[in-house]
Amino acid sequence: MSEHKTLLPKTDNPPAKVKDSGIINLVKAGKAVYNAKNGELLFLPEGELALREVKTVLGASLSAEGFQRVDCASDDAIFSVAERFAREWREAARSFCEERGREFRIISWDANAGSSFAKAERAMKSIISGLGESAFVFVEDVAPDAERTFVLASRCEAGDVGGRAGFFCESCGALRFPDSPFGYTPRQPGAEEPEGVPEDVETPMANTIAELCSQLSIDISRTLKAMLYVAADGDSKRHAVASFVRGDYNLSMNKLARWLERERGLTGLRSADKAELRELIGEVAGYCGPVGMPSHVVTVGDLSLVGSKNTVAGANRPGYHRKCCCHPRDFDPPIADIAQAAAGTPCSCGGPYRACFARELGRLAIIGLSGAENGKVKKLSYRDRDGAHDFPFLLDGSFSAERITVARHSDAP
Ligand SMILES: [Zn+2]
């Protein structure tokens with residue numbers, strides 16, 4: 001047996017122009033080479049082993065959860081396999097995973113969003129426990145086209161590959177992205193105060209929250225912010241949309257767009273210019289509030305307004321704000337989770353969120369397939385003697401074995 005040396009070019013010199021600690025550590029350990037010209041990571045024998053181990057875990061974790069491992073090379077080919085076998089093989093012909101290069105593609109059809117969600121959650125948990133990485137978590141995110149979206153993530157540093165701005169809670173360790181659902185109502189400042197009598201006050205030129213707070217000497221959490229948009233219905237008719245969040249929160253366009261589509265059938269959410277708002281709402285830009293909003297305007301309030309007391313809102317007349325507005329006494333719009341997190345926003349445990357970065361390692365989205373095709377994967381359906389069987393929910397996504405390998409080699413932030 002001949003003796004061969006393994007190519008393991010360890011070096012003390014970090015690769016040029018690379019900030020990602022995972023890539024730096026892989027290169028220094030001689031496991032990979034980084035091509036700065038095209039951003040490619042070239043795995044050498046020891047790195048290839050690490051990458052292969054991740055692929056093995058991904059494949060095993062997914063097949064343990066019922067995803068059939070196939071090699072069909074395209075989404076269309078997987079659909080044709082499902083179409084051929086779904087009637088006889090049921091669930092076994094509706095959930096697939098496929099290794100494509102350094103990615104694992106996931107495609108699965110379900111009859112309802114609930115079973116799709118349960119499957120996504122099981123897949124995420126199985127992968128995290130298979131990899132044995134306590135720093136990996138899955139986080140719900142909100143994306144425009146998906147019913148629900150889950151991201152496999154680990155905290156990282158700015159500049160790391162796949163890094164996105166996020167927030168983490170120092171008290172409980174929860175990680176979230178700006179558009180992640182809150183699912184809880186924050187404690188309201190002034191909750192113990194008696195409800196005051198609403199009163200319109202003159203606030204000249206106070207068309208920003210900061211200016212309003214300064215004129216009335218109030219904290220930003222005691223204000224209500226109105227954000228105006230335009231969206232279209234099925235007949236392309238424009239509708240004014242007025243959304244309200246507590247002053248210290250920001251609005252999430254992604255969450256608002258999802259809500260409008262699901263609850264009001266409105267799409268194409270966009271900002272409106274002053275002239276358009278004047279036409280659709282009237283001369284109140286900068287002074288919009290939920291009290292006395294014209295009834296043709298689509299309104300929605302954020303969870304952060306539930307139970308808010310003695311808050312200041314626009315009075316829907318130029319130059320005026322209304323003090324002592326209370327929810328639900330004075331305004332009671334449909335309530336939805338439409339706010340973004342910001343640094344300082346309270347976590348469900350009460351601790352404040354701090355800004356961080358998180359590396360996106362994989363993503364599963366639950367997509368409602370309306371019609372025969374949505375540009376992605378076709379809807380699966382078949383008939384048998386019990387009638388028609390429709391599977392209009394698609395679990396669609398992928399996991400990156402490359403990013404997971406890099407994350408496993410990166411320094412803890
Ligand atoms: Zn927390």
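**Figure 1. Accessibility of two cysteine residues at the zinc site of the predicted model.** Cys349 has a relative accessibility of 43% and therefore counts as partly exposed, the class between buried, under 20%, and exposed, over 50%. Cys347 has a relative accessibility of 3% and is therefore classed as buried. Both residues contribute their SG atoms to the coordination of the zinc ion.

**Figure 2. Coordination geometry of the zinc ion.** The ligands are the SG atoms of Cys169, Cys172, Cys347 and Cys349, at 2.2 to 2.3 Å from the metal. The site is tetrahedral, and the angles among the 4 donor atoms are 99 to 117°. Along the sequence, the donor residues follow the spacing C-x2-C-x174-C-x1-C.

**Figure 3. Strand E7 and its two pairing partners, E6 and E20.** Strand E7 spans residues 148-156, of which 7 of the 9 are buried, so this strand is largely enclosed by the rest of the structure. Strand E6 (residues 136-141) runs antiparallel to E7 and is joined to it by 6 bridges. The two strands E6 and E7 form a hairpin, with 6 residues between them. Within this pairing, Glu140 has Phe150 of E7 as its bridge partner. Strand E20 (residues 353-368) also pairs with E7 in the antiparallel sense, over 9 bridges. Here Arg155 stands opposite Ala358 of E20.

**Figure 4. An open sheet of 5 strands with mixed pairing.** The strand order is E14-E11-E12-E15-E18. Strand E14 (267-271) and strand E18 (335-336) are the edge strands, each pairing on one side only. Within the sheet, strand E12 (residues 238-246) and strand E15 (residues 298-302) are parallel and share 4 bridges. Ser243 is placed opposite Val300 of E15. In general, the strands of a sheet pair through backbone hydrogen bonds, in either the parallel or the antiparallel sense.

**Figure 5. The cavity and its lining residues.** The structure holds 1 cavity of 30 Å³ or more, and the volume of the largest cavity is about 30 Å³. Its lining consists of Gln188, Pro189, Ser221, Arg222, Ser308, Lys309 and Thr311. By residue class, this lining divides into 1 nonpolar, 4 polar and 2 charged residues.

Note on methods
Residues numbered from 1 in each chain as written. Predicted model: local features only at pLDDT ≥ 70, side-chain atom pairs only at ≥ 80, totals over all residues. Heavy atoms only, no water. 1 Å grid on protein atoms, 1.4 Å probe; cavity = no way out; pocket = protein on both sides within 12 Å on 5 of 7 lines; lining within 4 Å. Points joined across faces, edges and corners; volume = space filled by probe spheres on them. Nonpolar A, V, L, I, M, F, W, Y, C, P; charged D, E, K, R; others polar. Donors = N, O, S within 2.8 Å, 3.2 Å for Na, K, Ca; no water. Tetrahedral: all angles 85-135°; square planar, octahedral: opposite > 155°, others 65-115°. Buried < 20%, exposed > 50% of the residue type's maximum accessible area, 1.4 Å probe, protein only. Pairing = 2+ DSSP bridges.
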